[in-house]
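Got the model open in your viewer? Here's a tour of its ligand and the empty spaces around it, stop by stop.

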Amino acid sequence: MSDTKKSPQGEWSSHFAFILAATGSAVGLGNIWKFPYITGENGGGAFVLVYLLCVALVGLPIMMAETLMGRRGRHNPVTTMEALTAEAKADEHWHYLGWMGIIAGMLILSYYSVIAGWATAYVFKAFSGSFFDADAHAIKQLFADFIASPIQLIFWHTAFMLATMSIVKRGISHGLEKSLRFLMPCLFVLLILLVGYAMTTPGYFQGLHFLFNADFSKLSGNSILTALGQAFFSLGIGMGAVMVYGAYLPKKISITETVVIVSIADTVVALLAGIIIFPIVFTNGLEPNSGPGLIFETLPIAFGSMIGGWLFGILFFVMLVVAALSSSVALIEPTVTWLIETRGFSREKACLWSGLVTWLVGFASIFSFNSWSEFKVFGLTLFELLDYATANLMLPIGGFAIAIFAGWVMVRDHSEQELDLPNPQSYQIWELLIKYLAPAAVFFVFLDVVGVL
Ligand code: TRP
């Protein structure tokens, strides 16, 4: 593989374009919808602390590894893994890692799109003034009535999948760049404004206390696995999405710098979401552990009572949908490039088939919120099962494999060359993290969950 090799799917137009796309993939429902609700379910501060450690010590080095593997392999995850194993003269079974990524991406998108559909529906609810002067009880009822209706959920899930696939059809580096350039900064400004609102609520300090006061007695082995899984989910690593984005990365761009910027932005957005939501929870006497509906049961209360709340409500949900779109295209892109590069599909046809399958799988999650809510496997609804299997199992296993591959299998000169760190010491720090710490952390968390520790 020569240094000048480019991905057959094209390249990012600039460094900024790549940062935008990578931030777009990282920042999404994971930060604004999932982080607050799982923090609420896992007792707050201690969980947040473990999450931050997972991001810094495990997520960051693995994200660097995944990007550099993508840039060296220059293709979809399966072909990239084949090329890298050939180059390192390693066992060919490594390409299963690419396969797992493709499957994980589609499974995640199947439920991600359902939730993004809720956010899309809430744009219209905000617009029609449904939140106006509504109290906590009315907002909760509004949400309960909404998810009880399969027809509505199917409608919005379909709309969101169509939007995703029409962007992917145009090729992500063209389809998304322009809108992200404008919308990502707007999302950030809006979050800051909402923090301003949260500060005026009587529950503000109680919310902060919940989020930042670490009480380790509330932490179980499964909470630690959830924190680890969330670090992977939120950064968007462990399944080849970053690998594919790395494949479009020109040689001259610093991987380390980009990855650090993206993970800081991702973490800041998640924390801001928490700082906004928990004060509203405590001010209105709600339960922090109410599950996946948390943001839909809390934020509308704020929009219904604050000055300018009608406009802020619309803007907020629009931006949430855009943030979700820029993540969902990253989730399906590995499958689409794989179909194009190895099955000879046109981009349109690849989008049609991968979109159709993902859309159908999404029905399992939709019904798990209403008609099939009593149907449980291992005590979990189908939505919970999909989420657990992907975020808590497939992503950490994928991340573990990436760490082992980049740390132990790849030719050292190649990873050093791709990372291009300013001095040998920084490379050694990365090497230490990727060879020992990151895989060991994932391994011990798994042992803890299966009860060996
Ligand atoms: N990181 C995104 C979010 O927080 C979701 C996402 C995008 C993702 N690409 C991914 C999750 C790859 C896992 C793997 O919403």
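A polar contact here means a pair of N or O atoms within 3.5 Å. Keep that cut-off in mind for the first stop, and remember that you're looking at a predicted model.

**Stop 1: the ligand and its polar contacts**

Select the ligand and show the backbone atoms around it. Start with A26: one of its polar backbone atoms is 2.9 Å from an oxygen atom of the ligand. Next, pick G30, where a backbone N or O atom lies 2.8 Å from a ligand oxygen. Then go to S25, which has a backbone N or O atom 3.1 Å from a nitrogen atom of the ligand. How much of the ligand's own 360 Å² of accessible area does the protein cover? The answer is 100%.

**Stop 2: the shell**

Now widen the selection to the residues around the ligand. There are 16 of them, and the ones that come nearest are A26, G30, Y112, F233 and S234. Colour by helix and you'll see α1 (15-26), α2 (29-41), α5 (95-127), α11 (221-235) and α15 (309-343), the elements that give two or more residues each to this shell. Which of them gives the most? That's α2, with three residues. Recolour by residue class, and the shell splits into nine nonpolar and seven polar residues, with no charged ones.

**Stop 3: the largest cavity**

Hide the ligand but stay where you are: the space it takes is the largest cavity. About 150 Å³ of space lies in there. Select the lining, 15 residues in total, and look for S25, F233, G236, S327 and L331, which are the closest to the cavity's centre. You'll recognise S25 from the polar contacts and F233 from the residues that come nearest the ligand. Helices α1, α5, α11 and α15 each supply at least two lining residues, and this time α15 gives the most, with three. By class, the lining has 11 nonpolar residues, four polar and no charged.

**Stop 4: the second largest cavity**

How many cavities of 30 Å³ or more does the structure hold? There are five. The second largest has a volume of about 90 Å³. To find it, select F18, A22, S25, M63, T67, L235, A241, V242, Y245, T258, V259 and V262, which line it. S25 turns up again here, having also been among the residues closest to the centre of the largest cavity. The elements that give two or more residues to this second lining are α1, α3 (45-73), α12 (241-247) and α13 (255-283). Its lining divides into nine nonpolar and three polar residues, again with no charged ones.

**Stop 5: the largest pocket**

Last, switch from cavities to pockets. The largest pocket has a volume of about 350 Å³. Select I38, E41, T226, D387 and Y388: of the 18 residues in the lining, these lie nearest the pocket's centre. The elements to highlight are α2, α11 and α17 (382-409), each giving two or more residues. Which one gives the most? It's α17, with six residues. Colour the lining by class one more time: seven residues are nonpolar, seven are polar and four are charged. For contrast, flip back to the shell around the ligand, which has no charged residues.

Terms used
Residues numbered from 1 in each chain as written. Predicted model: local features only at pLDDT ≥ 70, side-chain atom pairs only at ≥ 80, totals over all residues. Heavy atoms only, no water. Near = heavy atom within 4 Å. Polar contact = N/O pair within 3.5 Å; in protein donor to acceptor, adjacent residues only side chain to side chain. Areas by Shrake-Rupley, 256 points an atom, 1.4 Å probe, with all protein chains shown as cover. 1 Å grid on protein atoms, 1.4 Å probe; cavity = no way out; pocket = protein on both sides within 12 Å on 5 of 7 lines; lining within 4 Å. Sits in = over half its atoms within 2 Å of the grid points. Helix = DSSP H or I, 4+ residues; strand = E, 2+ residues; numbered from the N terminus. Nonpolar A, V, L, I, M, F, W, Y, C, P; charged D, E, K, R; others polar. Points joined across faces, edges and corners; volume = space filled by probe spheres on them.
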